[in-house]
Amino acid sequence: MEKKANWVMEEPKLQALHAGGNLQQAAQAAIHSGEDIFEKEFTGQTLAEIYGGTLEFSGCRFDHCRFEELEMRRLDFVDCVFDRCEMSNLTLTGFGMRRVRFIKCRMTGDTFSKCALTDVAFDGCMMDYFGLGDSKLDRVIIHECRMKESMFNSLKLSRIRLENCDLTESQWSYTPMNGLDLTTCQLDGIRVDFPLLKGAVVTPSQALILAGLLGVKIEEGF
């Protein structure tokens with residue numbers, strides 16, 4: 001993983017947006033026609049109970065929208081912004097995101113697997129019990145998110161920043177953390193195979209917490 005100074009996340013590219021109307025109807029029409037949805041803005045809309053089909057949103061903004069029960073063959077987002085959306089308990093597999101930003105979204109209990117995230121930011125999101133597995137992350141920023149008891153499994157981390165996140169009792173498996181800067185994060189109760197921590201950057205106080213993974217007991221000196 002590269003140092004912070006060596007990379008910059010590419011922001012979503014939004015053009016002049018047009019009112020998207022009813023999100024549910026727009027998505028169903030696009031799936032039926034095989035077309036993607038371009039440069040639309042959806043406010044206070046719901047997308048739910050979509051099963052099968054393929055769909056891509058490109059250059060779209062979602063403001064206070066709700067997403068639930070989506071099981072699709074392909075669902076991709078390019079150049080999109082999600083602002084204060086409700087997205088809890090979603091299970092999404094095999095999707096892609098490029099130049100996407102989530103702002104203060106509720107993503108509690110989501111499970112993302114076999115996905116590719118490039119130039120993606122999560123900013124101030126509620127992500128307790130979040131699961132991310134078998135995925136590739138490149139130029140991803142997770143900033144001031146609460147991710148208690150989240151699970152990270154079999155990830156390939158190319159360039160990622162975790163900034164001021166609550167990782168209390170999070171679990172990491174089969175995910176090398178070399179170069180990952182955890183110095184601003186809460187790590188109480190974190191569970192990780194100790195060899196995976198090799199090369200991670202932590203503070204002295206965090207090192208005392210992580211020493212417990214080795215079964216080391218640290219006492220005050222005399």
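Two residues are in contact when they have heavy atoms within 4.5 Å of each other. The exercises below apply this and related criteria to a predicted model.

**Exercise 1. Place Thr118 in the fold: name its element, state whether the residue is buried or exposed, and list which residues it touches beyond four places in sequence.**

Solution. Begin with the secondary structure, where Thr118 falls within strand β12, the run covering residues 116-123. Next take the accessibility: the relative accessible area of Thr118 is 18%, and because buried means under 20%, Thr118 counts as buried. Finally, once residues up to four places away in sequence are set aside, the contacts of Thr118 are Met97, Arg98, Arg99, Asp138 and Arg139.

**Exercise 2. Determine how many disulfides the structure has, and examine the surroundings of Cys80 and Cys85.**

Solution. Recall first that a disulfide is a covalent bond between the sulfur atoms of two cysteines. The search of the whole structure returns zero disulfides. For Cys80, the nearest cysteine sulfur belongs to Cys60 and is 5.0 Å away, and Cys80 is in no disulfide, since a pair must have its sulfur atoms within 2.5 Å to qualify. For Cys85, the nearest cysteine sulfur is that of Cys105, at 4.7 Å, and Cys85 is likewise in no disulfide. As to accessibility, Cys80 is buried with a relative accessible area of 0%, and Cys85, at 2%, also counts as buried.

**Exercise 3. For Lys114 and Asn164, state what phi value each has, where each lies, and how accessible each is.**

Solution. Lys114 is not a glycine, yet its phi is positive, near 50°. Lys114 sits in the loop that joins β11 (111-113) to β12, and with a relative accessibility of 56% it counts as exposed, because the cut-off for that class is over 50%. Asn164, again a residue other than glycine, has a positive phi of about 55°. Its position is in the loop between β14 (151-163) and β15 (171-173), and a relative accessible area of 42% makes Asn164 partly exposed.

**Exercise 4. Describe the setting of Ile209, including which residues it contacts beyond four places in sequence.**

Solution. Ile209 belongs to helix α2, which comprises residues 204-211. Its relative accessible area is 35%, and Ile209 is therefore classed as partly exposed. Apart from neighbours within four places in sequence, Ile209 is in contact with Leu187 and Asp188. A further distance can be added: Ile209 and Ile190 are 19 residues apart along the chain, and their C-alpha atoms are separated by 8.6 Å.

**Exercise 5. Characterise the whole protein by its secondary structure, dimensions, burial, contacts, surface and charges.**

Solution. Start with the elements, which number two helices and 16 strands. For the dimensions, the C-alpha trace spans about 70 × 35 × 25 Å along its principal axes. A compact globule of 222 residues would have a radius of gyration near 17 Å, and the 19 Å found for the protein agrees with this. Turning to burial, 47% of the 222 residues count as buried. Among contacts with a separation of 6 or more, 13% come from residues 24 or more positions apart. The protein exposes about 11200 Å², of which carbon and sulfur atoms supply 48%. Lastly, the protein carries 25 positive and 33 negative charges, and the mean positions of these two sets are 4 Å apart.

Notes. Residues numbered from 1 in each chain as written. Predicted model: local features only at pLDDT ≥ 70, side-chain atom pairs only at ≥ 80, totals over all residues. Heavy atoms only, no water. Rg over C-alpha atoms; globule rule 2.2 N^0.38 Å. Buried < 20%, exposed > 50% of the residue type's maximum accessible area, 1.4 Å probe, protein only. Areas by Shrake-Rupley, 256 points an atom, 1.4 Å probe, with all protein chains shown as cover. Lys, Arg positive; Asp, Glu negative; His and termini not counted. Charge placed at Lys NZ, Arg CZ, Asp CG, Glu CD.
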